[in-house]
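Reader: I would like a close look at a single part of this model, namely the core and its surroundings, with each term given its cut-offs. Please set that part in the context of both chains.

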Amino acid sequence: MSSGVDLQRFVVQADQVIGRRLEGMLGTRRATDLLLRGFRLQGSLQRVVEKPARVVLHTLNMPTRGDVAQLRRALANTNEQLSEMSRRLEESETGGGDGR
Amino acid sequence: MMAASGPLEPVARELGRTAARLRNGIRFATGTQWAPIGPTPSRVIWREGKAELRHYSGHGLGPEPRLAPPVIVVGGLVGRSYIFDLHTGNSFVGRMLDAGFDTFVLDWGEPDADDSANSLETYLSRYFPRAVNAVRAEAGSEDVSIVGYCMGGAMSLHALAGRPDLPVRNLVLIATPVDFRHLGSMVDAVCEGRLDPATVLDETGNVPATLISAFFAVMKPTAPVVKYANLVQNLWNEQYLTGYQALNRCFQDHVPLPGAAFLQIARQWMRENGFVTDNLRLDGRRVHLADLTMPILIVTGSRDELVPAGSTGPTAGLLTGTKPEVLELEAGHASLTTGRTAAKHTVPKILGWLADHSGPGG
C-alpha cells in the first residue's frame, strides 16, 4: 500500500472526526461574532498603521489611497445616478427600455 | 527500458510515482500552469461597465448551433465566470456546445471603487435585459433560455420577476438558494441583525474578496487539509493536477461584491428573506416570483453543503405562475456542473431537459 493512499485515508478519517466538530464550533453564533469582530479589528489596525503616512501626505497636501477611493466612490455614485436616469428616460420613451 | 513485472511491479510503480510527485511538486511550487483560464475560444459581443457577454458558438470559434433559442449562462457576483469553462475536457460551456446549444456566458466582471454604487437595479434592471437583447440581436432569435448557477440563479429569478415580459423561453436554476435562513452562520448574522452590513465594506465601498473567501472557508474549515492530502497523493498525475488547479483557482479566486448591491441583498434577500416572503423589490416597486410563467427546471445537489436543500426546497412552491420541474441529483455544489460526475450524470440531464424545451436552430 502506498504512503500516499495511507496519508489520504488518515486525513479523510481525521476530517470526519475533527472536521465536523470544527464546523459545528465555527458555526456557532459566538464564533461567527468573534470572526467578524476580528475582521473589523483588522480594518481598524490597518487604519492605525496607515495614519502616520496619511498625516505626512496631508501635510504635503497630497491625497492618500483612502482619499482617492473616497473620490472614486463619490464619482461612482454620480455616474450610477446618471446611468439610472438615462435608463428610466429610455424606458419611458420605448415603453420597455429593451429596445424591442 | 524493461518494465518491472511480478512482485517488483508495485514497488517500481510507486518509485515512478514518487519521482513524478517530486518533479510535479517542484513545477507546482514554481507556478507551472497546467490549466489555462477559460480555454474555449469566445468573443465578447456586449459590454457595459465591467460586465461582458461572451459568445462561444459559430463565427469560426466554436461549432455552429443546432438548437434554438440561444442560452445565456449566468453566474453570481462573487465568483469567476470561468467556472463554466474550467479546462479542456471539463467545461460546462464545452458540453453545451457539443450538445448543439448557441452558448453565451454573462460575466459581471471584477468591481472596484468605481463600481461601489452598482445596485441590484444596475445588474438586474440594466445589464440583464440589455444582455438578453444583445444575445437576441446576435443570434437573430426572438427569445433566449437562461441557465442560472448559484447566486446567478437568484439574480435571474429577481431580474425576471422585475421584468416578466422579457422574452425568456426557459429558465434553469442550478443550486440556487431562495431561503437564506439556511446558508450558514455568516448569513445568519446578517439575517438576525447581529452584523450591520455597512460595517464590512472596505475603503473601496465594496465587500472585500477576502471576507467572501472567509465566508466559504468557515463553512468547510478542514477542506484545505483534505485538499492538500489529495493533491500529495495525486501529484504524479498531470490530469489530476490540471483539474485540481482549475477548480482550486476558481473556488479561491473571489471578486469583491459592490457595496450598494450588497446592502440591498443583505436587506431584501437575507434579513427580509424576500424570495420566500414575497418581499422582493426592484426599481422601487414590489416584484413577484409568481409572475414568472416560462418552463423552469430547478436543479439541486443532494450533497450540496454550500447551498443545502433547506435553501432550495421552497423554490418550486414559490413559482406558482408555472409548473416547475425539480431535478435532485446525487452531487455536491461544484459537481453539478464540473468534474466526472457532471460529465456522466448531472450535465447530460440538465442539457437533456433544455434540449427537450428547445427547437431546431442554426
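Author: What follows goes from the core to a helix, a loop, and then the two chains.

This is a predicted model, in which local features need pLDDT (the predictor's confidence in each residue, from 0 to 100) of at least 70, side-chain atom pairs count only at pLDDT 80 or more, and totals for chains, interfaces and linings use all residues. Residues are numbered from 1 along each chain as its sequence is written, while chains are lettered from A and ligands numbered from 1 in the order in which they are written.

The largest nonpolar core has 102 residues, and among these Ile72(B) and Val299(B) touch the most other members. Helix H3 of chain B, residues 120–139, gives the most to this core, with 10 residues. Such a core is a set of buried Ala, Val, Leu, Ile, Met, Phe, Trp, Tyr and Cys residues joined through C-beta atoms within 7 Å; a residue is buried if 20 or more other C-beta atoms lie within 10 Å of its own, exposed if 12 or fewer, and partly exposed in between, with C-beta atoms placed from the backbone. Helices (H or I, at least four residues) and strands (E, at least two) are DSSP runs, numbered from the N terminus. In soluble globular proteins, nonpolar side chains tend to be buried together. Not counting residues up to four places away in sequence, Ile72(B) touches Phe104(B), Leu106(B), Ala131(B), Val132(B), Val135(B), Val144(B) and Ile146(B), where two residues are in contact if their C-beta atoms, placed from the backbone, lie within 7 Å.

Helix H2 of chain B, residues 92–99, is largely enclosed by the rest of the structure, because six of its eight residues are buried. These are Phe92(B), Val93(B), Gly94(B), Met96(B), Leu97(B) and Ala99(B), and they pack against strand S3 (67–74), strand S4 (101–107) and helix H13 (339–356) of chain B. Just after H2(B), Gly100(B) takes a positive phi of about 100°.

Thr322(B), by contrast, is partly exposed, with 16 other C-beta atoms within 10 Å, and lies in the loop between helix H12 (315–318) and strand S12 (325–329) of chain B. Leaving aside neighbours within four places in sequence, Thr322(B) is in contact with Leu292(B), Thr293(B), Met294(B), Pro295(B) and Ile296(B). The C-alpha atoms of Thr322(B) and Ala290(B), 32 residues apart along the chain, are separated by 7.9 Å.

Chain B as a whole comes to 13 helices and 13 strands, and buried residues make up 49% of its 362 residues. Its radius of gyration, taken over C-alpha atoms, is 21 Å, which agrees with the value near 21 Å for a compact globule of 362 residues, the globule rule being 2.2 Å times the number of residues to the power 0.38. Chain A, with three helices and zero strands, has 26 Å, whereas a compact globule of 100 residues would have a radius of gyration near 13 Å; buried residues make up 8% of chain A.

Where the chains meet, 35 residues of chain B are in contact with 35 residues of chain A. On the side of chain B that touches chain A, H3, helix H5 (185–191), helix H6 (209–219) and helix H7 (223–234) each supply at least two residues.
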